Structures are given as structure tokens and as C-alpha cells.
Amino acid sequence: MAYIAPSEFVTKMVDAGESKIYMSTRDTLIRAYMAGAILSLAAVFAVSATVMTGSALVGAILFPVGFCMLYLLGFDLLTGVFVLAPLALIDKRPGVTVQGVLRNWALVFLGNFLGALTVAFLMAFTLTYGFSVPPNEVGIKIGHIGEARTLGYAKYGLMGWLTIFVRGMLCNWMVSTGVVGAMISTTVSGKVIAMWMPVMVFFAMGFEHSVVNMFLFPSGLMMGGNFSVLDYFVWNEIPTVLGNLVGGIAFTGLTLYVTHGRTAPKRKLV
């Protein structure tokens, strides 16, 4: 059958988390690097579509193409391993430790960041003809996104920081739902549909994705965005990463694991 019941795909989630923890450093970095790069290209694609059509919804509808590509190729995003790796620890898989989970997260963060930074440079170079002319409409749009989603939050102080955190939570609720949703089907079309829906929701709602931001903000800085590296980390990347972590585990990983992997005994009718 093309559809896998939740009780079965939860086991696949735990297995996937265990395999990522045991993966070699080389393979973890390569897969994370490619995931960051492909998702960054999808972000450029979505921003370009938004600029060309004047509709942010069009960009949101098209953005999931990058997510589907990287998942089908077996690459890893930080938002995904935030959900899967801890489940192997919670399930008490042999040899899985807290240190192993943290190592996996750190390597995937590094790989994603390097991949996103590579594409940020390549796109900034392309959109400015080797930094010899001002950026085009797409480059200007990316720069404004960086300003709005750093300084725009900073003016609200703590409440702005907490807003980013909550938007990070909501983001990975949707994105991680796409990750595990792909495990529901055994066909490519089924996986794509299951991934496309929640990822489109996150992008359309303007939630904060740590890996997408690893591209948007460095590229925005390269193309003249009016904010600093410190602004980017303090007023976006750090709270976004923390929000992605909490949202992915709380809303997707633990809920599915507890109710489908460790289902409570049925009630006895009196």
C-alpha cells in the first residue's frame, strides 16, 4: 500500500533519528551542505516569483520545490534533525547519547550554514555582475527582508525577540510535519504532496526558518542591506534556531511519538 499508518511511520522516524546520529562526520556535513544550498536556491526562486508577479502567495506556492528536492535526495536540514535525532534518545536506542544528538545538530548547523552562505555569495555575485553594479529588484527585495526581520523586531525589544522565537516554533511545527509526512507514503508523488502542504503554509505565513535565514540575511548584507551581522544573529538567527528546536520537538516529534509510538492502554467500559 502507498499509505503507511502513523504507528508504523513513527518507528521510521525513530530509525531515521538513530541513523543520523551514527552517520559519519563527512557524510553528515556533505548532506547538510547540499540541503542548505538547495533550500537557498528555492528561497531565491520564491523571492523572484514574488517580485515578478507581485504576489507573495505565488512565492509560497513555489518554494516547497526546494524542500522536496533535498528530501528526496536524502539531504538533511537542521529543522528536521531537531525532531528526529532526539526521538532515538527518548526511545533509548543502544549507543545513542545526549552528546551524540548535540554532535549531529552542530554538524548539520555548520553544513547548512556553509551551503547557504555559498549560494548567498553566488547569487549576490550574479545579481550585481560581480559587485560592479547595484542589485536588481530581487536583490533589493532580499536586502529589505533582512532589514525588516532584524531591525523590525529589534524596535520591540524583548517582545520582538519572543515574537521571532514563537514564529520559529510555528515554522518548524509545519516544516517538521512535512519531514515526517513524507514517511506516510511509499510513492514519490505521495511524499511530495505530503511535504508541499505544510511547507507552503510556513512560507506563506512568514514564519522563521533558521536555514532559509542563513541565506536571506548574509545575501542581504552582501547586497547593501541596512543591518549588521550582530543584528542578524541576535535579532533573528539565535531566537529562530531556538524556536525551531522547541516547536519541532513539542508539536511534531513528541506528540506523534507519544500517541502513536507509546499509545496509552484502551479504556475499559463499565
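This briefing walks through a few helix contacts, salt bridges and surface features of the structure above. Keep in mind that you're looking at a predicted model. A good place to start is helix α2, which packs against α4 at about 160° and also crosses α6 at roughly 40°. From there, the notes move to a salt-bridge network that takes in Asp15, Glu18, Asp91, Arg93 and Arg262, and then to two residues with unusual backbone angles.

**How α2 sits against its neighbours**

- Take α2 and α4 to begin with: α4 covers residues 64-72, and its axis runs 8 Å from that of α2.
- The angle for this pair is about 160°. Anything over 145 degrees counts as roughly antiparallel, so α2 and α4 get that label.
- If you care about handedness, α2 passes α4 in a right-handed crossing.
- Now turn to α6: the axes of α2 and α6 come within 7 Å.
- With a crossing angle of roughly 40°, the helices α2 and α6 are described as oblique to each other.
- The crossing of α2 and α6 is right-handed too.

**A nonpolar patch on the surface**

- Five residues make up a nonpolar surface patch, namely Ile30, Tyr33, Met34, Leu110 and Leu114.
- Taken together, they offer about 390 Å² of accessible area.
- Two elements each supply two or more of the patch residues: α2, spanning 25-53, and α6, spanning 98-127.
- Of the contributors, α2 gives the most, with three residues.
- Leucine 110 is one of the patch members, and you'll find this leucine in helix α6.
- Leucine 110 has a relative accessible area of 40%, so it counts as partly exposed.

**Salt bridges and the network around Arg93**

- As background, oppositely charged side chains can pair up when their charged atoms get close.
- The count for this model comes to seven salt bridges.
- One of them joins aspartate 15 to arginine 93, with the closest N and O atoms 2.8 Å apart.
- That pair bridges distant parts of the chain: aspartate 15 is in helix α1 (residues 6-22), while arginine 93 is in the loop between α5 (78-90) and α6, and the two are 78 residues apart.
- Buried or partly exposed: which describes aspartate 15? At 36% relative accessibility, aspartate 15 is partly exposed.
- Its partner, arginine 93, comes in at 17% relative accessibility and so counts as buried.
- Arginine 93 also forms a salt bridge with aspartate 91, where the closest N and O atoms are 2.9 Å apart.
- Aspartate 91 is buried as well, because its relative accessibility is 17% and the cut-off for buried is under 20%.
- Aspartate 91 has a further link, a salt bridge to arginine 262 at 2.8 Å, N to O.
- Aspartate 91 is in the loop between α5 and α6 and arginine 262 is in the segment after α12 (229-261), so this salt bridge ties together parts that are 171 residues apart in sequence.
- Put the pieces together and you get a network of salt bridges linking Asp15, Glu18, Asp91, Arg93 and Arg262.

**Two residues with a positive phi**

- Which loop holds tyrosine 129? Tyrosine 129 lies in the loop between α6 and α7, the latter covering 137-148.
- Tyrosine 129 isn't a glycine, yet its phi is positive, at about 50°.
- The side of tyrosine's story to do with accessibility is simple: tyrosine 129 is exposed, at 67% relative accessible area.
- Phenylalanine 131 is likewise not a glycine and has a positive phi, of about 65°.
- The loop between α6 and α7 is home to phenylalanine 131.
- Phenylalanine 131 is partly exposed, with a relative accessible area of 39%.

**A residue pair to help you get your bearings**

- Arginine 26 is part of helix α2.
- With 60% relative accessibility, arginine 26 counts as exposed.
- How far apart in space are arginine 26 and threonine 163? Going from C-alpha to C-alpha, they are 36 Å apart, and in sequence 137 residues separate them.

Definitions and conventions: Residues numbered from 1 in each chain as written. Predicted model: local features only at pLDDT ≥ 70, side-chain atom pairs only at ≥ 80, totals over all residues. Heavy atoms only, no water. Patch = residues over 30% accessible without salt bridge, like charges linked within 9 Å, V, L, I, M, F, W, Y side chains within 5 Å. Areas by Shrake-Rupley, 256 points an atom, 1.4 Å probe, with all protein chains shown as cover. Salt bridge = Lys/Arg side-chain N within 4 Å of Asp/Glu carboxyl O. Helix = DSSP H or I, 4+ residues; strand = E, 2+ residues; numbered from the N terminus. Buried < 20%, exposed > 50% of the residue type's maximum accessible area, 1.4 Å probe, protein only. Axes fitted to C-alpha atoms, helices over the stretch in contact; angles between N-to-C directions. Parallel < 35°, antiparallel > 145°, perpendicular 65-115°, else oblique. Left-handed = near helix turned anticlockwise from the far one by under 90°.
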